[in-house]
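Good morning, and thank you for making time for this item. I should like to take you through a structure and its contacts; please look at the display as I speak.

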Number of protein chains: 2
Amino acid sequence: MSVEDGIDFAIIELFFFAYRDFTSDPDQILADYGFGRAHHRVLHFVNRRPGLTVAELLDVLKITKQSLARVLKQLIDTDHVVQLQGPRDRRQRELYPTAKGRALALALARPQSRRIHAALEDSGATERTLVERFLEAMVNPELRAQIDVGSAKMSGKSHGEH
Amino acid sequence: MSVEDGIDFAIIELFFFAYRDFTSDPDQILADYGFGRAHHRVLHFVNRRPGLTVAELLDVLKITKQSLARVLKQLIDTDHVVQLQGPRDRRQRELYPTAKGRALALALARPQSRRIHAALEDSGATERTLVERFLEAMVNPELRAQIDVGSAKMSGKSHGEH
DNA sequence: GAGATTATGTCAGTACTATTGACGTAATTT
DNA sequence: AAATTACGTCAATAGTACTGACATAATCTC
């Protein structure tokens, strides 16, 4: 089983290395903007689920509003994200990426996407759904709802936009 | 292909959620010791590759020695790790886990291992090697050497301990 | 309509992990 | 003997996170 004491050290370690390198690509780009990983995460989800509220964003990221405040303010000040008053509830702030924000989100996602495609090919294609299923199964069951919401589920053609 | 603009947002997001929950299990235990994720990583690798030197550890973790210093000192002060003068080169400090350190490393790895096994089962067994290959392929090629070194490669029976 | 609750923003203080730069000491290499 | 290497340490800074407290405006409830 490739384990010691029933512990799967191999995958534990691989997961660490894989995630470290996975995040290193965008980190380089972010540095040019004076942004960090927190900005990336916020921009990513605003871009993915345009119109989501501050509360929804906090729930997805699992951070406090004080932590979000600085990062979100910077993204707004630099014209990557805009806030619009909620139509139904005027207390809410709906978050949308600007064209500039979408461009940056895309630039950040590109190298990550390239790495994923290369890894899928290297490990022998057709495994896309298997990898997706594995990663999804790694997420806490209670939180899986967050994933498929605006993300056009996993399988089919995507329609998360428009 | 489940992508927009050729970008694989689905797996990018899944990877984020999966890693977040993957690290949340040990985080809870670490809090009881006043330790953080940095302590976990150091303890993990000292436990995995007993006898590695400070320089090797820095290379694996890709952090600076100033960052390591505080964390390592705490692990030594709390009797989780010991330093022994290198046999060949007396400038080097070989790092070893104590019994206490091994116990903690195991306690931290257990919930992660459980999560991995559950995820492998949920996603339809026999995929262990596929997941391993995918994760390994996600790591920068230059850095893959670090992985198989003391980790008894992926496949076969492990022999890193004894 | 008054009061409670909700959504968001903000101020203050703290913790953890990481960084760069500089300097010191002992051991090894040249 | 001099240069280099391995490690340790001091100081200053940055990024991301936290808790607690308080403010404002909007919505909901009775």
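I begin with E13(A), which forms a salt bridge with R49(B), the closest N and O atoms being 2.9 Å apart. A salt bridge here is a side-chain nitrogen of Lys or Arg within 4 Å of a carboxyl oxygen of Asp or Glu. E13(A) sits in helix 1 of chain A and R49(B) in the loop between helix 2 and strand 1 (52–53) of chain B, so the pair joins two chains. Helices (H or I, at least four residues) and strands (E, at least two) are DSSP runs, numbered from the N terminus.

Before I continue, a word on the source: this is a predicted model, in which local features need pLDDT of at least 70 and side-chain atom pairs count only at pLDDT 80 or more, while totals for chains, interfaces and linings use all residues. Residues are numbered from 1 along each chain as its sequence is written, chains are lettered from A and ligands numbered from 1 in the order in which they are written, and side-chain values use heavy atoms, with hydrogens and water left out.

Are the two partners of this bridge, E13(A) and R49(B), buried or exposed? E13(A) is buried, with a relative accessible area of 1%, and R49(B) is buried as well, at 10%. The term buried means under 20% relative accessible area, exposed means over 50%, and partly exposed is in between (1.4 Å probe, protein chains only). As a general point, side chains of opposite charge can pair when their charged atoms come close.

Let us turn to E13(B). Its side chain meets that of R49(A) in a salt bridge of 2.9 Å, N to O. E13(B) also forms a salt bridge with R48(A), at 2.7 Å. This second pair crosses between chains, from helix 1 (residues 9–33) of chain B to helix 2 of chain A. Both E13(B) and R48(A) are buried.

How many salt bridges does the rule find across the interface of chain A and chain B? There are 6, and the structure holds 20 over all chains. The interface also has 20 residue pairs in polar contact, both residues at pLDDT 80 or more. A polar contact is a pair of N or O atoms within 3.5 Å; within protein, one must be able to donate a hydrogen and the other to accept it, and residues adjacent in sequence count only if both atoms are side-chain atoms. Helix 1 of chain A gives the most to the side of chain A that touches chain B, with 14 residues. By class, that side has 32 nonpolar, 15 polar and 19 charged residues. Ala, Val, Leu, Ile, Met, Phe, Trp, Tyr, Cys and Pro count as nonpolar, Asp, Glu, Lys and Arg as charged, and the others, Gly among them, as polar.

In total, 66 residues of chain A are in contact (heavy atoms within 4.5 Å) with 66 residues of chain B. The area buried between the two chains is about 6,700 Å², of which carbon and sulfur atoms give 67%; buried area is the accessible area (1.4 Å probe) that two parts lose on being put together, summed over both.

Next, the DNA. Around strand D there are 24 residues, the closest being G36(A), R41(A), K65(B), Q83(B) and R91(B); a residue is near a strand if one of its heavy atoms lies within 4 Å of it. A phosphate oxygen of strand D is 2.9 Å from a polar backbone atom of R37(A), and a polar side-chain atom of S67(A) lies 2.7 Å from a phosphate oxygen of strand D. The surface near this strand has 4 nonpolar, 9 polar and 11 charged residues, and its largest share, 4 residues, comes from helix 2 of chain A.

DNA strand C is surrounded by 24 residues, of which K65(A), R91(A), G36(B), R41(B) and S67(B) are the closest. Sugar and phosphate account for 58% of the atoms of strand C that come within 4 Å of the protein. A base is also approached: a base oxygen of strand C is 2.9 Å from an N or O atom in the side chain of Q66(B). Helix 2 of chain B gives the most to the surface near strand C, with 4 residues.
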